Amino acid sequence: MFDSVLIANRGEIALRVIRACRELGVRSVAVYSDADAGAPHVRAADVAVNIGPPPSSESYLLGDRIIQAAISEGAQAIHPGYGFLSEREWFARAVRDAGLVFIGPPAEAIAAMGSKTAARTLAVAHGVPVVPGTTESIEDAAHAAGIAAEFGYPVLLKAAAGGGGKGMRVVRDASEIATSFAAASREAKNAFGDGAIYLEKYIEGPRHVEIQLIADMHGNVIHLGERECSVQRRHQKMIEEAPSVAVSPSLRAEMGATAVRAARAAGYVNAGTCEFLLDRDGKYYFLEMNTRLQVEHPVTELVSGIDLVQWQLRVASGEPLGFTQADISPNGWAIECRITSEDPANEFMPSTGRISFLHLPSGPGVRWDGGIEIGSQVSLHYDPMLAKLIVHAPTRPLAIERMHRALSELVITGVETSREFHLRVMEDAEFRAGEIEIQWLERRLASLTTDPGTADGVRLAALAGALLADSESGVRTDVSSKKGSTASAWQRAARLESLT
Ligand code: ADP
């Protein structure tokens with residue numbers, strides 16, 4: 001095992017990796033921007049190195065500076081987390097060229113799966129079913145119109161370099177294709193520096209089901225079962241669970257074997273995920289492979305009993321996997337809610353400010369992977385995901401009750417968060433019945449984001465306490481400064497409470 005590992009990330013995922021390091025007896029080296037000087041991950045690590053100003057282009061994305069920090073602090077390996085440099089082939093290569101270990105797949109595997117068109121070509125060559133569409137990028141709008149006519153509308157224009165749902169446009173009619181092509185290409189160029197667009201048939205009402213993989217350097221590739229990530233807004237996941245109500249043991253074995261085949265084709269090592277669409281007839285289509293640890297990895301950890309991050313470090317140091325495919329079957333049910341600093345009542349507008357009060361859920365089966373504390377400043381420099389709340393229970397209905405209970409214990413003041421929205425989803429009859437697919441949330445959004453009109457006792461008490469503490473310290477809380485139209489019932493009640 002390594003003596004020392006640098007974590008090239010921030011927030012909850014940096015803390016997650018630091019925890020794995022600590023449990024393995026590995027010294028952790030954090031990096032941070034000026035905006036994160038007081039951040040929890042900086043204090044949690046054994047050593048921390050400042051790498052520049054707040055914008056990530058001047059700090060967390062500066063691969064060379066990060067490699068320099070690893071060398072000067074004596075780290076032997078770099079864990080990239082997710083986002084930032086995690087899927088940059090050049091970074092994986094530069095880390096290796098500097099004589100360090102990249103805790104992730106080889107640069108060649110990132111390259112093979114990095115472009116969606118290259119990944120589709122590889123998948124097709126190895127008998128992995130893909131969504132019908134092109135494996136090459138499209139030259140112009142006229143070319144797109146010709147191909148769309150061939151496949152039949154609706155079609156989806158996608159960025160070859162895509163990620164995070166950017167550069168994606170659904171086209172339902174030939175009259176829209178020229179403008180959609182231009183828009184997708186422009187968005188892709190802005191987001192990825194590469195405007196290449198290809199086309200897929202748009203599948204109506206599928207589920208997003210993905211397979212977690214882990215591979216060592218000795219030829220072992222094992223799948224850890226599926227995650228269902230159908231609760232999405234604008235092609236971005238909001239709630240994930242494991243296993244999926246739509247996946248039987250035989251389908252799990254089949255999709256798992258398909259994902260293992262794709263990983264082998266790419267010469268894959270370390271943790272990775274094959275994403276699929278699963279249609280209503282049980283047919284599945286490969287979407288892409290994410291060549292890194294994913295945000296939603298904890299639900300797999302909870303049902304498989306495998307510590308994915310520890311195994312990332314272990315296989316990167318050359319250790320063979322300590323379990324076989326036969327050892328893996330899902331135990332119970334896990335659900336994750338992404339707690340973001342976004343305002344569900346206001347079209348999920350990013351919300352900024354200082355965390356003025358924080359009360360974390362706990363008790364049986366509750367896990368909090370967070371990156372904030374009281375006093376944390378939430379800015380627009382970084383991703384709005386503040387934390388992940390994850391629960392584990394014997395069955396799906398019990399996991400839903402547990403998540404509802406945990407969410408009701410959670411109090412965050414100072415910024416708007418997605419907490420209320422998640423509570424509504426846990427109460428929703430269709431969600432509870434497992435009747436979800438990737439367009440479900442967009443269809444139901446209006447009813448899930450309206451003011452609930454009810455107060456909730458635990459929160460109220462905690463909020464009143466926070467208000468009191470703030471008024472005593474002379475700090476003005478967000479609640480008192482909020483416009484009436486956006487303050488929900490409990491906030492108004494809490495304000496009243498604090499006045500009496
Ligand atoms: P990104 O890398 O930008 O996240 P993905 O290819 O992973 O893009 O797709 C993101 C989401 O978009 C999927 O989870 C799914 O909800 C939707 N999607 C992607 N391709 C299709 C398709 N062909 N038909 C319908 N929905 C799709």
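## Exercises: a ligand and its strands

An oxygen atom of the ligand sits 2.5 Å from an N or O atom in the side chain of Lys116. This is a predicted model, in which local features need pLDDT of at least 70, side-chain atom pairs count only at pLDDT 80 or more, and totals for chains, interfaces and linings use all residues. Residues are numbered from 1 along each chain as its sequence is written, and side-chain values use heavy atoms, with hydrogens and water left out.

**Exercise 1.** Find which polar atoms of Gly164 and Glu275 approach the ligand, and how much of the ligand the protein buries.

*Solution.* Start with Gly164: a polar backbone atom of this residue is 3.2 Å from an oxygen atom of the ligand. Next take Glu275, where a polar side-chain atom lies 2.9 Å from a ligand oxygen. Finally, look at the area: the ligand taken alone exposes 560 Å², and the protein buries 96% of that (Shrake-Rupley method, 1.4 Å probe).

**Exercise 2.** Describe the shell around the ligand by residue class and by domain.

*Solution.* First, the shell counts 21 residues (a residue is near the ligand if one of its heavy atoms lies within 4 Å of it). Now sort them: eight are nonpolar, seven polar and six charged. Here Ala, Val, Leu, Ile, Met, Phe, Trp, Tyr, Cys and Pro count as nonpolar, Asp, Glu, Lys and Arg as charged, and the others, Gly among them, as polar. Then turn to the domains, whose bounds come from an automatic or database domain assignment. Domain 2 (132-201) and domain 3 (207-448) both give residues to the shell, so the ligand lies between them.

**Exercise 3.** Work out whether strand E6 is buried or exposed, and which strands pair with E6.

*Solution.* Begin with burial (under 20% relative accessible area, 1.4 Å probe, protein chains only). Five of the five residues of E6 are buried, so this strand is largely enclosed by the rest of the structure. Val155, Leu157 and Ala159 point one way, while Leu156 and Lys158 point the other way. Now for the partners; strands are DSSP runs of at least two residues, numbered from the N terminus, and two strands pair if DSSP finds at least two bridges between them. E6 pairs with strand E7 (residues 169-171) in the antiparallel sense over three bridges, with Arg169 as the bridge partner of Leu157. E6 and E8 also run antiparallel, joined by five bridges, and Leu156 stands opposite Glu200 in E8.

Definitions and conventions. Polar contact = N/O pair within 3.5 Å; in protein donor to acceptor, adjacent residues only side chain to side chain. Buried < 20%, exposed > 50% of the residue type's maximum accessible area, 1.4 Å probe, protein only. Helix = DSSP H or I, 4+ residues; strand = E, 2+ residues; numbered from the N terminus.
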